[in-house]
Amino acid sequence: MGEALISPDDYWVLWGFLAIWAAVSIYLEQTYQWASKISGAIIALLGAMILTNINVLPVESPVYDAVWSYIVPLAIPLLLFQVNLKKIWKESSRILFIFLISSIGTVAGTTLAFLALKDVIPELDKIGAIITGSYIGGGVNFAAMAAKFETPGELVSATVVADNLMMASYFFVLIAIPAIGFFRKNYRTPYIEEVEREAQNTEGKTISESFWSRKDISLKDIALSIGTAFLLVVVSFKLAEWFASIIPSGENVFWFYAVLGGVLGDSYLMLTTITIAAVSWFPRKFEAMNGSQEFGTYFIYIFFVVIGIPASLPIIFQNAPLLLVFVAIVVIINMLISFTLGKFFNFSLEEIILATNANVGGPTTAAAMAIARGWKDLIVPILLIGTLGYIIGNYIATAMGLWFSTFF
């Protein structure tokens with residue numbers, strides 16, 4: 001694959017593309033019925049995928065890293081300022097159960113994929129451990145397992161590309177599912193129906209346009225929303241960094257310290273916890289900050305664009321097509337188990353979608369989907385429960401890697 005038309009260090013152009021394409025996606029979603037049905041998230045993701053695969057956008061750039069490192073952390077508190085705290089614990093307990101079911105799907109999928117392909121993909125025991133960790137927790141677990149099992153660098157790179165492509169593709173599928181009649185007919189959809197009810201009294205508008213109706217907003221609202229978000233991110237990340245520095249870590253550390261470090265040393269979990277505490281203590285102050293939801297959602301749409309960029313088909317087909325088959329088997333089995341057992345235990349379609357999304361893509365992508373769809377009461381639960389995957393993912397992945405290398 002040759003050099004992209006836009007250089008990775010052409011920062012202004014790349015930032016311009018992210019901001020403009022996110023704006024175009026939102027505009028289309030709120031202006032045209034066809035775009036509203038497929039959602040602005042898919043438009044944002046698909047546009048980025050196409051431009052990457054026709055060699056316009058670079059696959060990697062510090063700009064994309066900045067979105068993960070700065071834009072997403074700012075979006076999270078902005079979107080939690082006006083959450084319904086009364087429903088959090090009830091919804092969290094339900095999401096935890098379906099999240100664990102989906103994690104079982106990851107373990108089953110990795111096992112089947114390993115047995116099917118262990119003779120044709122070298123060092124698949126190590127890749128199996130990496131994908132298990134990644135598809136229960138996220139990128140943190142991916143990196144931890146790659147280091148733990150001393151996986152060759154070229155194999156890690158190829159697995160990253162396959163993982164990114166599969167995550168983007170699966171995200172596309174999950175966003176589309178609520179529009180498919182089979183799922184609407186066979187699963188409960190209370191959150192989708194709530195969004196649709198809110199839009200019924202606004203004829204001629206798309207659902208998205210009705211949901212994001214115009215609000216009064218002042219300079220003070222903008223200043224307080226953005227300033228408070230920065231304050232919460234700084235305090236949370238520094239506090240998590242401090243805990244991580246004082247809590248013992250390493251391969252041979254006592255399990256209690258490993259769990260404690262995973263909880264207190266996780267920046268996103270700390271950010272979510274401190275934001276929820278602040279909103280609980282000063283609910284009226286946060287409710288008065290008009291515009292926080294809009295700012296946070298725009299940041300999330302920029303994040304959607306970035307998700308689609310690493311999904312480069314030429315790279316995966318050139319380097320490791322069988323790895324794509326491997327991760328596809330894992331995701332398909334995860335999906336089948338999540339939706340089958342989710343139906344059996346009477347979970348809603350929205351809960352199942354977010355749980356399997358949190359497994360495969362991590363809590364940030366699942367929360368982003370909840371935001372895009374207007375499922376406000378599920379944003380905090382999926383962030384909290386999805387972050388739990390960071391903790392349990394390493395333990396399950398380590399066990400899987402040892403099992404594969406010892407018995408096969």
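These legends accompany three close-up views of a predicted model.

**View 1. Helix α1 against helix α16.**
Helix α1 spans residues 11-31 and helix α16 spans residues 292-308. Their axes come within 9 Å and cross at roughly 110°. Because angles of 65 to 115 degrees count as roughly perpendicular, α1 is roughly perpendicular to α16. The crossing of α1 past α16 is right-handed. On the α1 side, the residues in contact are Phe 17, Leu 18, Ala 19, Trp 21, Ala 22, Ala 23, Ser 25, Ile 26 and Glu 29. They meet Tyr 298, Tyr 301, Ile 302, Val 305 and Val 306 of α16. By residue class, this contact of α1 with α16 holds twelve nonpolar residues, one polar and one charged. Ser 25 is the polar one and Glu 29 the charged one, both in α1.

**View 2. Helix α18 against helix α19.**
Residues 321-344 form helix α18, and residues 349-361 form helix α19. The two pack with their axes 10 Å apart, at an angle of about 150°. Since an angle over 145 degrees counts as roughly antiparallel, α18 runs roughly antiparallel to α19. Here too the crossing, of α18 past α19, is right-handed. From α18, the contact takes in Val 331, Asn 334, Ser 338, Phe 339, Gly 342 and Lys 343. From α19 come Leu 349, Ile 352, Ile 353, Thr 356, Asn 359 and Val 360. The residues of the contact of α18 with α19 comprise six nonpolar, five polar and one charged. Lys 343 of α18 is the charged residue, and Gly 342 is counted with the polar ones.

**View 3. The largest cavity and its lining.**
Three cavities of 30 Å³ or more are counted in the model. The largest cavity holds about 40 Å³ of space. Its lining consists of Val 72, Ala 75, Ile 76, Leu 79, Ile 300, Thr 364, Ala 367, Ile 371, Ile 379 and Leu 383. At least two lining residues come from each of α4 (62-80), α20 (363-373) and α21 (379-407). Helix α4 gives the most, with four residues. Those four are Val 72, Ala 75, Ile 76 and Leu 79. Ile 300 in the lining lies within the residue range of α16, shown in View 1. Nine residues of the lining are nonpolar, one is polar and none is charged. The polar residue is Thr 364, which falls in the range of α20.

Key. Residues numbered from 1 in each chain as written. Predicted model: local features only at pLDDT ≥ 70, side-chain atom pairs only at ≥ 80, totals over all residues. Heavy atoms only, no water. Axes fitted to C-alpha atoms, helices over the stretch in contact; angles between N-to-C directions. Parallel < 35°, antiparallel > 145°, perpendicular 65-115°, else oblique. Left-handed = near helix turned anticlockwise from the far one by under 90°. Contact = heavy atoms within 4.5 Å. 1 Å grid on protein atoms, 1.4 Å probe; cavity = no way out; pocket = protein on both sides within 12 Å on 5 of 7 lines; lining within 4 Å. Points joined across faces, edges and corners; volume = space filled by probe spheres on them.
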